[in-house]
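Q: Please take a close look at one short part of this chain. I would like to know how it sits among its surroundings, starting from a single residue and working outwards.

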Amino acid sequence: MCRHTYCTNMAKAGISPKSLQYLMGHLDIATTLGYYTHYKFNDVEKEVRELERRLSGG
């Protein structure tokens, strides 16, 4: 459980997927992103809103 929490928190903090894969020791990025990171709708919504803010120059 701690590995899942660590991986999810690092992904949310903006670490690159390849760096996260290396830190987790996974050979396949699909393991890192598909099994160890747990995003919810609120997480995705927050990222989309941030992207919109950046694109609008705000």
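A: Start with L20, which lies in helix α2. The model is predicted.

L20 counts as buried because its relative accessibility is 1%, and the limit for buried is under 20%. What does L20 touch, once residues up to four places away in sequence are set aside? The list is C7, M10, A11, I15, T32 and T37. One of these partners, T32, sits 12 residues from L20 along the chain. The C-alpha atoms of that pair are 7.4 Å apart.

Now widen the view to the whole helix. α2 spans residues 17-24. Which of its residues are buried? They are L20, Q21 and M24. These three lie on the same side of α2, because they cover an arc of only 105° around the axis. The opposite face looks different in exposure: K18 and Y22 are exposed there, turned away from the buried side. Just past the end of the helix comes G25, with a positive phi of about 80°.

What covers the buried residues of α2? The cover includes α1, residues 2-13, and α3, residues 29-36. Take these two neighbours in turn.

First, α1. Two packed helices are described by the angle between their axes and the distance between the axes. For α1 and α2, the angle is about 160° and the axes are 10 Å apart. That angle makes α1 roughly antiparallel to α2, since the limit for this class is over 145 degrees. The crossing of α1 past α2 is right-handed. Which residues meet here? From α1 come R3, Y6, C7, M10 and A11. From α2 come L20, L23 and M24. By class, this contact of α1 with α2 holds 7 nonpolar residues, 1 charged and no polar. C7, M10 and A11 are also among the residues that L20 touches.

Next, α3. Its axis lies 9 Å from that of α2, and the two helices pack at an angle of about 90°. α2 and α3 are therefore roughly perpendicular to each other, as the class runs from 65 to 115 degrees. On the α2 side, the contact uses P17, K18, L20, Q21 and M24. On the α3 side, it uses I29, T32, L33 and Y36. The classes here are 6 nonpolar, 2 polar and 1 charged. The buried residues L20, Q21 and M24 all take part in this contact with α3. K18 also meets α3, although it is exposed.

Two residues of α1 extend the picture. H4 has its place in helix α1. Is H4 buried or exposed? It counts as buried, because its relative accessibility is 18%. Leaving out residues up to four places away in sequence, H4 touches Y35, Y36 and H38. Y36 is one of the α3 residues that meet α2. C2 lies in α1 as well. C2 is exposed, with a relative accessible area of 67%. Its C-alpha atom is 10 Å from that of Y36, at a distance of 34 residues along the chain.

One residue from the last stretch belongs here too. D43 lies in helix α4, residues 41-55. D43 is buried at a relative accessible area of 17%. Beyond its neighbours within four places in sequence, D43 is in contact with K12 and H38. H38 is thus shared, because H4 touches it and D43 does so too, both counted within the contact limit of 4.5 Å.

Finally, set α2 in the chain as a whole. How many helices and strands are there? The chain has 4 helices and 0 strands. Read from the N terminus, the order is α-α-α-α. The C-alpha atoms fill a box of roughly 40 × 20 × 15 Å along the principal axes. Of the 58 residues, 21% are buried. Contacts between residues at least 6 apart in sequence can be split by separation: 38% of them join residues at least 24 apart.

To sum up, α2 has L20, Q21 and M24 as its buried residues. Their cover includes α1 and α3. α1 runs roughly antiparallel to α2, while α3 is roughly perpendicular to it.

How values were computed. Residues are numbered from 1 along each chain as its sequence is written. This is a predicted model: local features need pLDDT of at least 70, side-chain atom pairs count only at pLDDT 80 or more; totals for chains, interfaces and linings use all residues. Side-chain values use heavy atoms; hydrogens and water are left out. Buried means under 20% relative accessible area, exposed over 50%, partly exposed in between (1.4 Å probe, protein chains only). The arc is that of the directions from the helix axis to the C-beta atoms. Axes are lines fitted to C-alpha atoms, for helices over the stretch in contact, and angles run from 0 to 180 degrees between N-to-C directions. Angles under 35 degrees count as roughly parallel, over 145 as roughly antiparallel, 65 to 115 as roughly perpendicular and the rest as oblique. A crossing is left-handed if the near helix is turned anticlockwise from the far one by less than a right angle, and right-handed if clockwise. Ala, Val, Leu, Ile, Met, Phe, Trp, Tyr, Cys and Pro count as nonpolar, Asp, Glu, Lys and Arg as charged, and the others, Gly among them, as polar.
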